[in-house]
Amino acid sequence: MAKNDKKELVIIGAGPGGYAAAFHAADLGIKVTLIDPEVNPGGVCLYRGCIPSKALLHLAKTKEEAMKASEWGLKFEEPKIDRKKIADWKKNVVRKLTEGLGQLSKSRKIEYVQGKAKFTGKNELEVRPKKGKKISLNFEKAIIATGSSAMDLPDIEIDHKKIWDATDALELKEIPKKMLVIGGGYIGLELGSVYAALGTKVSVAEMTPGFLPGTDPDLIKVFEKNPPFKNVFLETKVEKVKITKKGVKVTLKGKEEEQSKKFDCVLVAVGRKPNTQNLGLDKLGVSPNENGFIEVDAKRRTKLEHIFAIGDITGEPMLAHKASHEGRIAAEVITGKKGAAYDPKVIPAVVFTNPELAWCGLTENEAKEKDRKVKIVKFPWAASGRAAAIGEDKGFTKLLIDPESEVILGGAVAGKNAGSLIPEIALAIEMGSTASDLSLTIHPHPTLSETIMESAELFYGGATHFKKS
């Protein structure tokens, strides 16, 4: 086993958290060793998650918009689906971005080690590279950024042929005629939407009474106005899955009945779990909590002063942008920057379906649970000139405002480009802005951003383009 000199900072995992921490630490003058199984940084997000799924969702939305244009007098023929070309395009997007991160890593003189790492002591790691002998690394400080992986279901084995996980779905090996998606969370809805747009008859089975459990119902209703799915089975459990020569036979148990359905394939999309296995955490004396997460303080430190953890392994929400922010905080703490701490008021969430759904800060559900007094104002996109001009008038923009201080506490958007609108509301909350601040900020016309301004105007009675009855 080869042995190297002591490393100043070792980071395990090169996803959005790991590479953000590595890049920022290097910019701050630290010598960084970044370890990951892939040939370049990127992690699940770039290789098998956020980026490839959004590339395919963009394609799906392009098709849907082209077909919708016939209602306005611009008729297109039914698009021809070239599965292989779509898959190649998606791979090229991933390759371009990951290779770009590889170049950024080299330009910062980061030592990149391709392999899997685990702790063998409080200041020592063992790295098993893809090729060659094991490597033992001594280090001063370490950041654990190993992310998460898809959750399994008991008694349902992922065979990658007829029963898929999200990675299989993103490979686009085939476009099945009939697919069942198990799970009505954001991964199930996004990937189900992709395949529905490509011509698959998609059904969804969800154990709870609705999609996106925990999300405000009014957001879900906008999506449900024109769902892309053939069948939806709510409050339904998948009791049995049997692979046959003709496909997959699935037994679905609802509140009142049990039924059997046949599909060409099944996609299991029931959430993600933190990757804390096989890391040698016992050698550090660190144990995941009852939910499987590594507990950290505001500086992203574990119980050991020199060991940090960031991203999905530290708890909900399991989002790439949260991991990146945590990575930068950890890097600043390690360099001794005073006041560096993880203390966000809001973490925006976006579901990239068509329409997009986005929210941040206090939600209506949370306000009810906490018995928090708020004034809720909602501007319907039917009153937006821009929304009408692009045929997107079924959405809305919502703000939750403290009735006494007038401070913005939360917000949500349902509709086209919601993910690009929600950051303004997030910034308003972070800055402690009031409804007056938003209403008096001149927004360009005609844009969807005006809906944020007019939502704030509603707090004071009526908006320019909408008057509550």
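Biologist: Which elements cover the buried residues of helix 8?

Modeller: Bear in mind that we're looking at a predicted model. The cover includes strand 2 (7-12), helix 1 (16-27), strand 6 (135-144) and strand 17.

Biologist: And which residues of helix 8 are buried?

Modeller: Start with the general idea. An α-helix has 3.6 residues a turn, so residues three or four places apart point the same way. Now the case here: K322, A323, E326, G327, I329, A330, A331, E332, V333 and I334 are buried in helix 8. Pick out K322 and E326, or A323 and G327, and you can try that spacing on the list yourself.

Biologist: What span should helix 8 have, and what does the model give?

Modeller: Work from the rise. With 1.5 Å a residue, the 15 residues of helix 8 should span 21 Å, and the end C-alpha atoms are 21 Å apart, which agrees. Just past the helix, look at G336: its phi is positive, near 85 degrees.

Biologist: Where else do I find a positive phi, outside glycine?

Modeller: The background first: most residues other than glycine have a negative phi, and most peptide bonds are trans. Here, K109 has a positive phi of about 60 degrees without being a glycine. K109 sits in the loop between helix 4 (83-107) and strand 4 (111-121). H160 is another case, with phi near 65 degrees, and its loop runs between strand 7 (148-150) and strand 8 (163-164).

Biologist: Are those two buried, partly exposed or exposed?

Modeller: K109 has 73% relative accessibility, so it counts as exposed. H160 has 39%, so it counts as partly exposed.

Biologist: You mentioned trans peptide bonds. Which bonds here are cis?

Modeller: Omega is the angle to check. The bond joining E316 and P317 is cis, with omega about -5 degrees. P317 belongs to the loop between strand 17 (307-309) and helix 8 (320-334), which brings us back to the helix you began with. The bond from N354 to P355 is cis too, with omega near 10 degrees. P355 is placed in the loop between strand 18 (349-351) and strand 19 (356-361).

Biologist: Let's take one residue in a strand. What does V241 touch, beyond residues up to four places away in sequence?

Modeller: V241 is part of strand 12 (residues 237-244). Leaving those sequence neighbours aside, V241 touches I156, I163, V248, K249 and V250. At 17% relative accessibility, V241 is under the 20% cut-off, so it counts as buried. As for P344, it is 103 residues from V241 in sequence and 43 Å away in space, C-alpha to C-alpha.

Biologist: Zooming out, how many helices and strands does the chain have?

Modeller: The chain has 13 helices and 22 strands. To judge overall packing, compare the radius of gyration with the globule rule: the chain comes to 24 Å, close to the 23 Å given for 469 residues, so it is as compact as a globular protein of that length. The C-alpha trace spans about 70 × 65 × 45 Å along its principal axes.

Biologist: What share of the residues is buried, and what share of the contacts joins residues 24 or more positions apart?

Modeller: Buried residues make up 50% of the chain. Among contacts with a separation of 6 or more, 62% come from residues 24 or more positions apart.

Biologist: And what about the surface and the charges?

Modeller: The accessible surface is about 23300 Å², with 51% belonging to carbon and sulfur atoms. For charges, compare mean positions: those of the 73 positive and 62 negative charges are 6 Å apart.

Key:
Residues numbered from 1 in each chain as written. Predicted model: local features only at pLDDT ≥ 70, side-chain atom pairs only at ≥ 80, totals over all residues. Heavy atoms only, no water. Helix = DSSP H or I, 4+ residues; strand = E, 2+ residues; numbered from the N terminus. Rg over C-alpha atoms; globule rule 2.2 N^0.38 Å. Buried < 20%, exposed > 50% of the residue type's maximum accessible area, 1.4 Å probe, protein only. Contact = heavy atoms within 4.5 Å. Areas by Shrake-Rupley, 256 points an atom, 1.4 Å probe, with all protein chains shown as cover. Lys, Arg positive; Asp, Glu negative; His and termini not counted. Charge placed at Lys NZ, Arg CZ, Asp CG, Glu CD. Expected span 1.5 Å × (residues − 1).
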